[in-house]
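Subject: Structure handover

Hello,

Here is the structure I said I would pass on. Please look it over first, then read the notes below it.

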Amino acid sequence: MNTQMLITIICSVIASSGFWAFITKLSEKKDVRTKMLIGLGHDRIMYLGMKYIERGEITQSEYENLHTYLYEPYKDMGGNGSAKRVMAEVDKLRIVPDTYGD
């Protein structure tokens, strides 16, 4: 098979509506997954953040879990709003030592 025929085949596949429908479907699926992850992150940040705010303090490991492993990825994925406000309140809390074995 010569190069010109190969280029023609590749261009035909890329130009086909079926190919672009497939790419669009993959993109939509990714968007839905992203929305779901943002939603789950938001829910968890709100739930934990409000518990710590009600308690009036947070341990170092709780803060690290909430801020580093939940809020930062949530924010990087485009989440904001009420979770940002809750994190601002959590940031004001007194950090207490972790108590293991109590």
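**What was found**

Of the 102 residues in the chain, 19% are buried. Please keep in mind that this is a predicted model. The chain has 4 helices and 2 strands, and from the N terminus the elements follow the order α-α-β-α-α-β. Among contacts between residues at least 6 apart in sequence, 73% join residues at least 24 apart.

**The core**

The largest nonpolar core has 13 residues, and the members that touch the most others are I45, Y52, I58, L66, M87 and V90. Helix 2 (17-55), helix 3 (60-76) and helix 4 (82-90) each supply at least two residues of this core. As a general point, nonpolar side chains in soluble globular proteins tend to be buried together.

M87 is a useful residue to click on. Setting aside its neighbours within four places in sequence, M87 is in contact with I45, Y63, L66, H67 and Y71.

**Helix 3**

Most of my notes concern this helix. Helix 3 has 17 residues and spans 22 Å from its first C-alpha to its last, close to the 24 Å expected at 1.5 Å a residue. Helix 3 also bends by about 30° at L70, and the proline P73 follows within four residues. Just after helix 3, G78 has a positive phi of about 110°.

Which residues of helix 3 are buried? They are E62, Y63, L66, Y71 and Y74. Some of them are taken in turn below.

*E62.* This residue lies in helix 3. E62 counts as buried because its relative accessible area is 18%, and the cut-off for buried is under 20%. A polar atom of the E62 side chain lies 2.9 Å from the backbone nitrogen of T59. Not counting residues up to four places away in sequence, E62 touches Y52 and R55.

*Y63.* The next residue to look at is Y63, also placed in helix 3. Its relative accessibility is 18%, so Y63 counts as buried. Leaving out residues up to four places away in sequence, Y63 touches I58, T68, M87, V90 and D91. The C-alpha atoms of Y63 and L93 are 9.6 Å apart, although 30 residues separate the two along the chain.

*Y69.* Is Y69, another residue of helix 3, buried or exposed? Y69 is exposed, because its relative accessible area is 53% and the cut-off for exposed is over 50%. The C-alpha atoms of Y69 and G41 are separated by 9.7 Å, and the two residues are 28 apart along the chain.

*Y71 and Y74.* The structure holds 1 aromatic pair. The ring centres of Y71 and Y74 are 6.2 Å apart and the ring planes stand at 40°, so the pair is tilted. Both tyrosines lie in helix 3, 3 residues apart, which is about one turn of the helix. An α-helix has 3.6 residues a turn, so residues three or four places apart point the same way. Both Y71 and Y74 are buried.

**Where to start**

If you want a short route through the model, begin at M87, whose contacts include Y63 and Y71. From there, go to Y63, whose contacts include V90 and D91. Then find L70, where helix 3 bends by about 30°, and finish at the tilted pair of Y71 and Y74.

Regards

Key
Residues numbered from 1 in each chain as written. Predicted model: local features only at pLDDT ≥ 70, side-chain atom pairs only at ≥ 80, totals over all residues. Heavy atoms only, no water. Core = buried A, V, L, I, M, F, W, Y, C linked by side-chain atoms within 4.5 Å. Buried < 20%, exposed > 50% of the residue type's maximum accessible area, 1.4 Å probe, protein only. Contact = heavy atoms within 4.5 Å. Expected span 1.5 Å × (residues − 1). Bend = angle between axes of the 7 residues up to and from the residue. Polar contact = N/O pair within 3.5 Å; in protein donor to acceptor, adjacent residues only side chain to side chain. Phe/Tyr/Trp six-rings, centres within 6.5 Å; stacked < 30°, edge-to-face > 60°.
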